Amino acid sequence: MPGAGRPRNPDPLSDVPGVGRPRRSGPLGRAVGVLLRGLRRCGKPFARRTGPRHRLGRDLDACRQERDRWRRHADSYERELTRTRHERAHLLAWLAALHPSSAVLTPDAGSGPDGPLLLCVEAGGRQLSWRLSPADLPLFAHVPYALPVPTDSSAPPDQTAHIRRHTRLLAMEGTLFGATAETWAAVMPLRPGEN
């Protein structure tokens with residue numbers, strides 16, 4: 001019988017390049033080869049198989065890039081927060097220097113003896129207070145220490161609202177008493193019939 005000594009091709013994909021076995025001729029092998037060559041000419045390369053390890057590696061790289069991006073954001077926010085806290089401490093030290101008669105440092109009544117200190121300033125007939133960081137205390141060397149004053153148990157009014165009202169009053173006072181006659185004439189022109 002012709003071809004009886006030749007082994008039969010059990011794998012029809014043996015003609016596929018990269019499989020690792022030598023090409024064998026046969027009608028099915030030739031048909032697969034023709035199809036693969038046709039697909040390559042159409043611009044559709046033979047798809048390489050990607051295993052789960054390859055996908056996991058790509059996912060891990062993507063997660064690391066996302067983690068690094070969020071770390072950069074967190075570092076940026078931390079720097080901005082540190083800058084803002086530092087600027088706040090300098091502004092409070094300046095405010096204390098502007099109010100030397102009422103500014104005092106006192107221990108926070110809610111914490112123990114080693115707790116944070118409060119800067120207390122009286123403005124607009126009310127005592128205002130801000131908690132200070134121990135790192136900022138050198139900025140307040142000009143402010144005297146005092147014992148905490150017991151407060152009434154009723155809830156204090158909103159400090160921010162009081163500061164807003166007091167700022168508005170100070171601005172109006174500066175406008176009323178600091179403006180010259182020429183400034184008032186420019187802002188409020190005379191009505192018809194007035195001299």
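User: In this predicted model, what counts as a salt bridge, and which residue meets Asp108 in one?
Analyst: A salt bridge is a side-chain nitrogen of Lys or Arg within 4 Å of a carboxyl oxygen of Asp or Glu. In this predicted model, the N to O distance for the pair that includes Asp108 is 2.2 Å, which lies within that cut-off of 4 Å. The partner of Asp108 is Arg131.

User: How many residues apart are Asp108 and Arg131?
Analyst: The salt bridge between the side chains of Asp108 and Arg131 links distant parts of the chain. Asp108 sits in the loop between β1 and β2, whereas Arg131 belongs to strand β3. Their separation along the chain is 23 residues.

User: Is Asp108 buried or exposed?
Analyst: Residues count as buried under 20% relative accessible area. The relative accessible area of Asp108 is 13%, while its partner Arg131 is partly exposed at 48%. Asp108 is therefore buried.

User: Which residues are joined into one network by salt bridges that share partners?
Analyst: The structure holds five salt bridges. Those that share partners form one network. Its members are Glu80, Arg83 and Glu87.

User: Why are Arg69 and Glu66 separated by about one helical turn, and what is the distance between their closest N and O atoms?
Analyst: Both residues lie in helix α2, and they are separated by about one helical turn because they are three residues apart. Arg69 is partly exposed at 33% relative accessible area, and Glu66 is partly exposed at 36%. The two form a salt bridge whose closest N and O atoms are apart by 2.7 Å.

User: Which residue forms a salt bridge with Arg67?
Analyst: Arg67 has a relative accessible area of 43% and is partly exposed. Its salt-bridge partner is likewise partly exposed, at 30%. The side chains meet at 3.1 Å, N to O, and the partner is Asp68.

User: What pattern of helices and strands does the protein follow along the sequence?
Analyst: The secondary structure comprises four helices and three strands. Read along the sequence, these elements give the pattern α-α-β-β-β-α-α.

User: Which residues have the most contacts inside the largest nonpolar core?
Analyst: In soluble globular proteins, nonpolar side chains tend to be buried together. Here the largest nonpolar core has 13 residues, and α2, β2 (117-123) and β3 (126-132) each supply at least two of them. The residues with the most contacts inside this core are Leu119, Phe140 and Val143.

User: Which residues does Val143 touch, not counting residues up to four places away in sequence?
Analyst: Val143 is among the residues with the most contacts inside the largest nonpolar core, as is Leu119. Leu119 is also one of the residues that Val143 touches. With residues up to four places away left out, Val143 touches Ala96, Ala103, Val104, Leu105 and Leu119.

User: What distance separates the C-alpha atoms of Leu95 and Leu119?
Analyst: Leu95 has its place in helix α2 and counts as partly exposed at 25% relative accessibility. Leu95 and Leu119 are 24 residues apart along the chain. Their C-alpha atoms are separated by 9.9 Å.

User: Which residue has its backbone oxygen 3.3 Å from a polar atom of the Thr106 side chain?
Analyst: Thr106 lies in strand β1 (residues 104-107) and counts as buried at 6% relative accessibility. Not counting residues up to four places away in sequence, Thr106 touches Leu117, Leu118, Cys120, Ala146, Leu147 and Pro148. The backbone oxygen at 3.3 Å belongs to Ala146.

User: Which residues does His162 touch, not counting residues up to four places away in sequence?
Analyst: His162 lies in helix α3 (residues 159-178). With a relative accessible area of 12%, His162 is buried. Its contacts beyond four places in sequence are Ala123, Gly124, Arg126 and Leu128.

User: Which residues make the nonpolar surface patch of about 350 Å²?
Analyst: One member, Leu91, is found in helix α2 (residues 52-98). Leu91 is partly exposed, with a relative accessible area of 45%, and this exceeds the cut-off of 30% for patch residues. The patch is made by Leu91, Trp94 and Leu98.

User: What percentage of the 195 residues in the protein is buried?
Analyst: The protein exposes about 16100 Å², of which carbon and sulfur atoms supply 60%. Buried residues make up 16%.

Methods. Residues numbered from 1 in each chain as written. Predicted model: local features only at pLDDT ≥ 70, side-chain atom pairs only at ≥ 80, totals over all residues. Heavy atoms only, no water. Patch = residues over 30% accessible without salt bridge, like charges linked within 9 Å, V, L, I, M, F, W, Y side chains within 5 Å. Areas by Shrake-Rupley, 256 points an atom, 1.4 Å probe, with all protein chains shown as cover. Helix = DSSP H or I, 4+ residues; strand = E, 2+ residues; numbered from the N terminus. Buried < 20%, exposed > 50% of the residue type's maximum accessible area, 1.4 Å probe, protein only. Core = buried A, V, L, I, M, F, W, Y, C linked by side-chain atoms within 4.5 Å. Contact = heavy atoms within 4.5 Å. Polar contact = N/O pair within 3.5 Å; in protein donor to acceptor, adjacent residues only side chain to side chain.
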